Amino acid sequence: MFKCPQCGKYTDLSQCAYCGFTFAKMDDIYQLTEDPGLNLDGGKGVKYLGYDRVGPYFSGRRRLECDPAGMAVAGRVAELADWGTILDLGCGDGRLAVPLALQGCTVIAGDISQVMLCLMLEKARHNQVLPTRLIPCRMNALSIPLADNSVAGALAVSILHLISEPLLVIRELYRVIKPGGKLFIMGNSPGLPKEVAEELKALNQEYEQRVNAFHRRYWELITEAGVQATRYSWEFDQHAACAAIFGNHTEIKIDFFRRDKETMADYFLYRLGGKGFSDQQGVPDELHEQVFARVVREFREQYGPDFDQITYATVTDGLTLHYFEKESEQRRPL
Ligand SMILES: C[S@@+](CC[C@H](N)C(=O)[O-])C[C@H]1O[C@@H](n2cnc3c(N)ncnc32)[C@H](O)[C@@H]1O
């Protein structure tokens with residue numbers, strides 16, 4: 001089902017049945033594209049933001065753990081895709097690919113970022129995923145190297161807004177999904193009851209103020225040094241766009257309840273300190289190190305040495321999953 005880079009025919013891995021080409025692997029990851037990890041200002045053609053520079057800072061300090069929400073969503077996706085082969089496009093560090101493989105699906109974990117794919121494999125090994133269940137592939141979402149009608153389902157979670165022409169990707173997803181198969185997108189959690197939302201607001205007030213002040217001060221100093229925050233994402237209505245191509249849209253709720261809390265050190269500061277937010281990608285490393293260290297010093301002076309141990313509480317009551325089903329009789333994509 002994979003496209004041979006040499007003869008262009010579709011074949012199984014890891015040697016082309018037609019021309020004998022051996023698919024290249026690096027760090028146990030199939031190299032199915034030669035496109036760069038990111039293609040922004042200087043690049044020609046469709047722009048996209050791969051996460052090579054974000055890397056280990058994307059998921060904070062808990063990155064090797066399977067998060068319970070990811071597990072719950074994966075369980076439902078596996079069931080709806082009848083435990084078939086699933087493409088997780090823009091799989092990142094494996095938040096869904098790893099739980100899906102643990103559910104018993106065969107997962108083609110695709111991403112343009114070699115760094116994120118390495119992290120995904122680390123997470124898979126940490127969680128004892130069977131290697132046969134996970135096929136890590138460096139690929140570009142703009143040209144998915146899979147045959148038409150080849151997978152039972154596909155996930156595209158938090159990737160489409162990182163590509164300047166998301167419709168091209170949705171058409172590619174439509175092409176590779178089998179008739180009757182589904183494209184899945186994880187949605188936002190439904191709103192909380194008013195009293196819970198108010199309780200959380202009060203609990204998190206001080207945290208929000210401190211994090212916002214840190215963020216403001218960091219960007220104030222970066223901007224004074226002549227560097228602007230860069231926003232590399234493209235706004236569009238992803239559900240409407242998928243519905244236009246697939247011709248339908250279903251939203252389901254998944255039962256899930258969780259109270260959690262995390263310190264400022266473990267998520268926000270860890271990610272900001274590692275330049276793990278996409279708007280930091282244009283900040284030169286040296287300037288970032290100086291400014292970050294300076295703001296940490298200022299906050300220690302103002303709030304004490306444990307200023308970063310303040311916690312943020314969350315309550316998740318229910319999860320939402322959207323899916324778009326490809327009709328059994330194939331329509332021509334728009
Ligand atoms: C915000 S992360 C989401 C990761 C994961 N789906 C999740 O929900 O945790 C987006 C991922 O999309 C990948 N990505 C961006 N542009 C891409 C492209 N053109 N082709 C493949 N992957 C891409 C990035 O490298 C990154 O790992």
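Which residue in β7 does I108 stand opposite? I108 faces I135 across the pairing of the two strands, and that pair is a good way into this structure. Please keep in mind that you are looking at a predicted model. The protein chain falls into domain 1 (11–190 + 236–254 + 318–325) and domain 2 (194–230 + 258–315). The points below start with the strands around I108, then turn to the ligand, the domains and a few residues worth finding on screen.

**Strands β5, β6 and β7**

- Strand β6 covers residues 106–111, and five of its six residues are buried, so "mostly covered" is a fair description of this strand.
- On one side, β6 pairs with strand β5 (residues 85–89) in the parallel sense, over five bridges.
- Within that pairing, L87 is the residue that stands opposite I108 in β6.
- Strand β7 (residues 134–138) also pairs with β6 in the parallel sense, again over five bridges.
- I108 therefore has a partner in β5, namely L87, and a partner in β7, namely I135.

**How the strands are linked**

- Helix α2 (residues 97–102) joins β5 and β6 in a right-handed β-α-β unit.
- Helix α3 (residues 114–126) belongs to a right-handed β-α-β unit with β6 and β7.
- Strand β6 thus takes part in the unit with α2 and in the unit with α3.

**Around the ligand**

- The ligand has 20 residues around it, and those that come nearest are Y51, G90, G92, S113 and A141.
- By type, the shell around the ligand holds twelve nonpolar, six polar and two charged residues.

**The two domains**

- Taken over C-alpha atoms, the centres of domain 1 and domain 2 are separated by 29 Å.
- Nine residues from domain 1 and ten residues from domain 2 make up the contact.
- On the side of domain 1 that touches domain 2, six residues are nonpolar, one is polar and two are charged.

**Backbone details to look for**

- L13 and S14 are joined by a cis peptide bond, with omega at about 5 degrees.
- To find S14, look in the loop between β2 (10–11) and β3 (25–26).
- W83 has a phi near 55 degrees, which is a positive value in a residue other than glycine.
- This tryptophan, W83, sits in the loop between α1 (68–80) and β5.
- Is W83 buried, exposed or partly exposed? W83 is partly exposed, because 15 other C-beta atoms lie within 10 Å.
- S158 is not a glycine either, yet its phi is positive, at about 55 degrees.
- The loop between β8 (151–155) and α4 (166–176) is where S158 lies.
- S158 counts as partly exposed because it has 14 C-beta neighbours inside 10 Å.

**A closer look at D279**

- D279 is placed in the loop between α7 (265–273) and α8 (285–303).
- Because 14 other C-beta atoms lie within 10 Å of D279, this residue is partly exposed.
- Which residues is D279 in contact with, leaving aside its neighbours within four places in sequence? They are A229, T230 and R231.
- D279 and R210 are 69 residues apart in sequence, and their C-alpha atoms are 20 Å apart in space.

Notes
Residues are numbered from 1 along each chain as its sequence is written. This is a predicted model: local features need pLDDT of at least 70, side-chain atom pairs count only at pLDDT 80 or more; totals for chains, interfaces and linings use all residues. A residue is near a molecule or strand if its C-beta atom, placed from the backbone, lies within 6 Å of it. Ala, Val, Leu, Ile, Met, Phe, Trp, Tyr, Cys and Pro count as nonpolar, Asp, Glu, Lys and Arg as charged, and the others, Gly among them, as polar. A residue is buried if 20 or more other C-beta atoms lie within 10 Å of its own, exposed if 12 or fewer, and partly exposed in between; C-beta atoms are placed from the backbone. Helices (H or I, at least four residues) and strands (E, at least two) are DSSP runs, numbered from the N terminus. A crossover is right-handed if, with the strands pointing away from the viewer, the path from the first strand over the helix to the second runs clockwise. Two residues are in contact if their C-beta atoms, placed from the backbone, lie within 7 Å. Domain bounds come from an automatic or database domain assignment.
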